[in-house]
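Please open the structure in your viewer and keep the selection panel at hand. We will go from stop to stop, and at each one I will tell you what to pick and what is there.

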Amino acid sequence: MTADTLGPAPTPAGAGIFSTPGAAAGMPTAPASDPRHFLGLEGLSRSTLLSLLADAAREREWLALGEPNRGDLAGLTAVLAFIEDSTRTRTSFEIAAKRLGANTVVFSSAHSSLNKGETLLDTVRLFEAMGASLVVVRHPASGAPAWLARELATMGVVNAGDGMHEHPTQGLLDLLTLQDAWRGRFEGRRLAIVGDIAHSRVARSSIAGLATLGARVTVCGPGTLMPAAVEELGCDAAETLEDALAGADAVMALRLQRERMESGLLPALGEYARDWGLTPERVSLLAPDGVVLHPGPVNRGLELSHEVADGPRSRILAQVANGVAVRCAVLRRCADAIRRPHGFTAAVAAR
Ligand code: CP
């Protein structure tokens, strides 16, 4: 069986999204070229990606100094709207926004009027009316941030992970981690991605970014968790984990979403760990300087063993640290565009 899951995720009941009939039926066209928004890595040019990585590396150096907060985003209010659970992404966006001097508001669907039937668009328009300039959105429906970006008059929209579509700041922090591990060169390098490719927004963003920068990606995983025509994503597919790992310059294990077992796409967790789990023996198949990535949260003993998670090749905590720097770079890019004429000025005038 093959999972044909390249389309948008179904709209979850009670999430209060897509107020206009039919809006959820197809993936909205993302205004990828509008720098007020950061919606996906697909469609971003090589020069834009490299410039964001260079900005993030500079932000990382500054963050390491432990100096007082800056004022780059002073006067700007950013709402972090998390309609799905998160630890890393939400906290690192909040830290990044505060370090750059923004006012931040964390909004989650629990205890909100979304549960009384208010739509996501109406909710975000409230934030706009209150003077917020930027909304960072995590949402279980693919395409929700791009749709908001089209519908909102002035606010910038940052995608913090949407359904099975993209997780672009995760993709960017993965690129930064690989750029360090690969000593600045993407060309000729290869990343193996193992696990639930079909439902993974992390895999989609990584594949898009690495393809643009000249690196190859090999994916592997249970047949039920591989999308049909997986090569159309811009990667190769391997039959076995060992084939994917042999000589690769890095491996990324994806989080196994346990709900897939309930939906019959996985037989048993033990079988998954046996066939697709990363062990020290399997990791030794990588190139000598090959590294291990995982976007988190990690299911230890399932996607990878304790020895691999905490071993010398693991870059999992480096990924987390890079997340703050990358989010500083992305927030600054959006804020700069929002403050230009027709952005911040027009928004203020309209109030
Ligand atoms: N990698 C990631 O998105 O983690 P969180 O769900 O904790 O934000």
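In which helix is Arg-282 found? Select helix 10, residues 280-283, and you will find Arg-282 there. Before going on, please keep in mind that this is a predicted model.

**Stop 1: Arg-282 and its partners**

Show Arg-282 as sticks. Its relative accessibility is 14%, and because buried means under 20%, Arg-282 counts as buried. Now add Glu-242: a polar contact of 3.0 Å joins its side chain to that of Arg-282. Next, display the backbone of Arg-274. The side chain of Arg-282 reaches the backbone oxygen of Arg-274 at 2.8 Å.

**Stop 2: the open sheet**

Switch to a cartoon view and colour strands 5 to 9. These 5 strands form an open sheet in the order 7-6-5-8-9, with parallel pairing. Strand 7 (236-237) and strand 9 (291-293) stand at the edges; each has a single partner strand, so one side of each is left without a neighbour in the sheet.

Then select strand 5 (residues 190-194) together with strand 8 (residues 250-253). The two run parallel and are joined by 4 bridges. To see one bridge pair, label Ala-192 and its partner in strand 8, Val-251. As a reminder while you look at the backbones, strands of a sheet pair through backbone hydrogen bonds, either parallel or antiparallel.

**Stop 3: strands 3 and 4**

Is strand 4 mostly covered or uncovered? Select residues 156-162: strand 4 is mostly covered, with 7 of its 7 residues buried. Add strand 3, residues 134-139, which runs parallel to strand 4 and is joined to it by 5 bridges. Val-136 has Val-158 as its bridge partner in strand 4. Now trace the chain between the two strands: it leaves strand 3, passes through helix 4 (residues 144-151) and arrives at strand 4, in a right-handed β-α-β crossover.

**Stop 4: the start of strand 1**

Select Thr-77, which has its place in strand 1 (residues 77-82). With 17% relative accessibility, Thr-77 counts as buried. Add Asn-103 as well, since the side chains of Thr-77 and Asn-103 are joined by a polar contact of 3.3 Å.

**Stop 5: Thr-87**

Move along to Thr-87, placed in the loop between strand 1 and helix 2 (88-99). Is Thr-87 buried or exposed? Its relative accessibility is 53%, and therefore Thr-87 counts as exposed. Try a distance label between its C-alpha atom and that of Gly-296: these atoms are separated by 9.3 Å, although the two residues are 209 apart along the chain.

**Stop 6: the ligand**

Finish with the ligand and the residues around it. Which residues are they? Select Ser-86, Thr-87, Arg-88, Thr-89, Arg-138, His-167, Gln-170, Pro-295 and Gly-296. By class, this shell has 1 nonpolar, 6 polar and 2 charged residues.

Three distances are worth drawing here:

- Arg-88: a backbone N or O atom lies 2.9 Å from an oxygen atom of the ligand.
- Arg-138: a polar side-chain atom lies 2.8 Å from an oxygen atom of the ligand.
- Gly-296: a backbone N or O atom lies 3.4 Å from a nitrogen atom of the ligand.

Last, turn on a surface around the ligand. On its own the ligand has 260 Å² of accessible area, and the protein covers 92% of that.

Note on methods:
Residues numbered from 1 in each chain as written. Predicted model: local features only at pLDDT ≥ 70, side-chain atom pairs only at ≥ 80, totals over all residues. Heavy atoms only, no water. Buried < 20%, exposed > 50% of the residue type's maximum accessible area, 1.4 Å probe, protein only. Pairing = 2+ DSSP bridges. Right-handed = clockwise from strand over helix to strand, strands pointing away. Near = heavy atom within 4 Å. Polar contact = N/O pair within 3.5 Å; in protein donor to acceptor, adjacent residues only side chain to side chain. Areas by Shrake-Rupley, 256 points an atom, 1.4 Å probe, with all protein chains shown as cover. Nonpolar A, V, L, I, M, F, W, Y, C, P; charged D, E, K, R; others polar.
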